[in-house]
Amino acid sequence: MPHFVSPEAVIEGDVPLPQTGVIAYRTRRGVVQVLLMTSRDTGRWIIPKGNIKPGTTPSQVAAQEAFEEAGIKGTIVSSTPLGMYTYSKKLGSGEARAATVEVFLLHVQKHVKKWPEKGERQLAWVSAKEAVGLIEEPGVVPLLVRLMENELVV
C-alpha cells in the first residue's frame, strides 16, 4: 500500500532535507534494466537514496547509499544530476518533513554478496518502462521517462 503524507502533516517552515539517490542501471542482452528496491517500512518500490552528510558530495553519498541499501557498486555517469524531486519524508517522530532528492545515474558494474542492509529489502531488475509502473515515488517517474526517451544510457 502506498505511503502518503498529507500536506498538513509536513512540518512548516523547515528547509527541505537534502537527499541524494541513484537510478542504477545495467545492460543485459542488449536491454537496459534499472534496479528498484523496497522500502524497509512499507515495502513500496523505491530507488536507493539517503541524506547528504557534511563534507561529502551528493554523488559520493548516492553511490554509498546504493551500496549500503542494495549491494551494488558502479560508476556515477555524470557529476550533474539526472534531475531532482521533492517528497514528504516520514520521520521517526511520526511527523513529516519535505526532502529534496538529487538523482544521479549509476552504471552498475558489480553486485556484491554481502552489504549492510541485505535481507532488509527486496531488489528487482526491471526495464525502465516496468519501473514506471512499479515505482511509488511520483517524482522518480519523470526521471525514468527521461531516461527512456533520451536513451541516456548506453
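Select E65 to begin: at a relative accessible area of 8% it is buried, a word that here stands for under 20%, with exposed meaning over 50% and partly exposed the range in between (1.4 Å probe, protein chains only). The model on screen is predicted, so local features need pLDDT of at least 70 and side-chain atom pairs count only at pLDDT 80 or more, while totals for chains, interfaces and linings use all residues. Residues are numbered from 1 along each chain as its sequence is written, and side-chain values use heavy atoms, with hydrogens and water left out.

**Salt bridges**

Keep E65 selected and add K53, since the two side chains meet in a salt bridge at 3.3 Å, N to O; the term covers a side-chain nitrogen of Lys or Arg within 4 Å of a carboxyl oxygen of Asp or Glu. E65 belongs to helix 1 (residues 58-70), whereas K53 is in the loop between strand 4 (49-51) and helix 1, 12 residues away. Helices (H or I, at least four residues) and strands (E, at least two) are DSSP runs, numbered from the N terminus. Unlike buried E65, K53 is partly exposed at 42% relative accessibility.

A search of the whole structure finds seven salt bridges, and R40 is a good residue to select next. Its side chain meets that of E117 in a salt bridge of 3.8 Å, N to O, and the pair links distant parts of the chain, with R40 in the loop between strand 2 and strand 3 (45-46) and E117 in the loop between strand 7 (96-111) and strand 8 (123-127), 77 residues apart. R40 also forms a salt bridge with E120, where the closest N and O atoms are 2.8 Å apart; because E120 lies in the loop between strand 7 and strand 8, this pair ties together parts that are 80 residues apart in sequence. E117 is buried at 11% relative accessibility, while E120 is partly exposed at 39%. Select R40, E69, E117, E120 and R121 together to see one network, joined by salt bridges that share partners.

**Nonpolar cores**

Turn now to the largest nonpolar core, which has 23 residues, those with the most contacts inside it being I23, V34, I47 and Y85. Such a core is a set of buried Ala, Val, Leu, Ile, Met, Phe, Trp, Tyr and Cys residues joined through side-chain atoms within 4.5 Å. Strand 7 gives the most to this core, with four residues. Centre the view on V34 and, leaving aside its neighbours within four places in sequence, look for its contacts (heavy atoms within 4.5 Å), among them I23, Y25, W125, V126 and L147. A second, separate core of 14 residues includes A24, L35, A62 and L106.

In strand 2 (residues 31-38), select V32, which is partly exposed at 27% relative accessibility. V32 and V126 are 94 residues apart in sequence and 8.4 Å apart in space, C-alpha to C-alpha.

**Aromatic rings**

Finish with Y85 and Y87, whose ring centres are 6.0 Å apart and whose planes stand at 35 degrees, so the pair is tilted. Rings of Phe, Tyr and Trp (its six-membered ring) pair if their centres lie within 6.5 Å, with planes under 30 degrees apart counted as stacked, over 60 as edge-to-face and the rest as tilted. Y85 is buried at 5% relative accessibility, and Y87 is buried at 15%. Add K49, whose charged end sits over the ring of Y87, 5.1 Å from its centre; this requires NZ of Lys or CZ of Arg within 6 Å of the ring centre and within 35 degrees of the ring normal.
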